[in-house]
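This report describes how the parts of one protein chain are arranged. Please keep the sequence and the structure in view while reading.

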Amino acid sequence: MASAIEARLSALNITLPDAPAPAANYVPFVRTGNQIFVSGQVSAGPDGFIKGKLGADMTVEDGAAAARRCGLALIAQARAAVGDLDKIKRVVKLVGFVNSTVDFTDQPKVVNGCSDLMVEVFGDAGRHARSAVSAASLPFGVAVEIEAIFEVE
């Protein structure tokens, strides 16, 4: 029988990607006690990295869509860590990095793409603490990178 969260994903017509492999010398997640710390997930879609700089060649809407893709990867990593998404008790915190120009100030609107996804998928347990900051550059030239902390059973 599918878990409640898997059923919700299906009802929302959301397919999670495979949990991405690390790009360097780190692990994709660490579980300690009842928390999972998921390493930063970069914006990527079926056709590869979603690259760009907010305030230069990407709109806020493009950035929010990229952040949503980060969120899908975060959930995929959480599933890889615990096996069953129903074991996720809460999304505790997101930290979002937005590749943006020096005068771009809508980082929170961009990271909302991920935050909104967490609430869609986990309901009230998806509401979380958060930071949304600018970065002059991100790995591979991606638009967004987001890390997460989940509370689990």
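**Terms and model**

Two strands are said to pair if DSSP finds at least two bridges between them. Strands of a sheet pair through backbone hydrogen bonds, either parallel or antiparallel. The model discussed here is predicted.

**The sheet**

An open sheet is formed by 5 strands, and their order is E1-E2-E7-E5-E6, with mixed pairing. At its edges are strand E1 (29-32) and strand E6 (129-135), each of which pairs on one side only. On average, and with direction ignored, neighbouring strands of this sheet are turned by 15° against each other.

**Strand E5 and its two partners**

Strand E5, residues 88-99, pairs with E6 in the parallel sense, and 7 bridges connect the two. Within this pairing, Phe97 stands opposite Val133 of E6, and Leu94 stands opposite Arg130 of E6.

With E7, strand E5 pairs in the antiparallel sense over 9 bridges. Which residue is the bridge partner of Phe97 in E7? The partner is Glu145. Phe97 thus has a place in both pairings: Val133 stands opposite this residue in E6, and Glu145 is its bridge partner in E7.

The route of the chain from E5 to E6 leads through H3, and this β-α-β crossover is right-handed.

**Helices on the sheet**

Helix H2, residues 60-82, lies across four strands: E1, strand E2 (35-42), E5 and strand E7 (144-152). Its direction runs at about 35° to E7.

Helix H3, residues 107-122, also packs on the sheet, where it touches E5, E6 and E7. The direction of H3 makes about 160° with that of E5.

**Gln107 in helix H3**

Gln107 is found in helix H3. Is this residue, Gln107, buried or exposed? Gln107 counts as buried because its relative accessibility is 8%, and buried means under 20%.

What does Gln107 contact, leaving aside its neighbours within four places in sequence? The residues in contact with Gln107 are then Val98, Ser100, Ala132, Val133 and Ser134. With one of these, Ser100, the side chain of Gln107 is joined by a polar contact of 3.2 Å between side chains. Val133, another residue in contact with Gln107, is the residue of E6 that Phe97 stands opposite.

Technical notes
Residues numbered from 1 in each chain as written. Predicted model: local features only at pLDDT ≥ 70, side-chain atom pairs only at ≥ 80, totals over all residues. Heavy atoms only, no water. Axes fitted to C-alpha atoms, helices over the stretch in contact; angles between N-to-C directions. Contact = heavy atoms within 4.5 Å. Buried < 20%, exposed > 50% of the residue type's maximum accessible area, 1.4 Å probe, protein only. Polar contact = N/O pair within 3.5 Å; in protein donor to acceptor, adjacent residues only side chain to side chain. Right-handed = clockwise from strand over helix to strand, strands pointing away.
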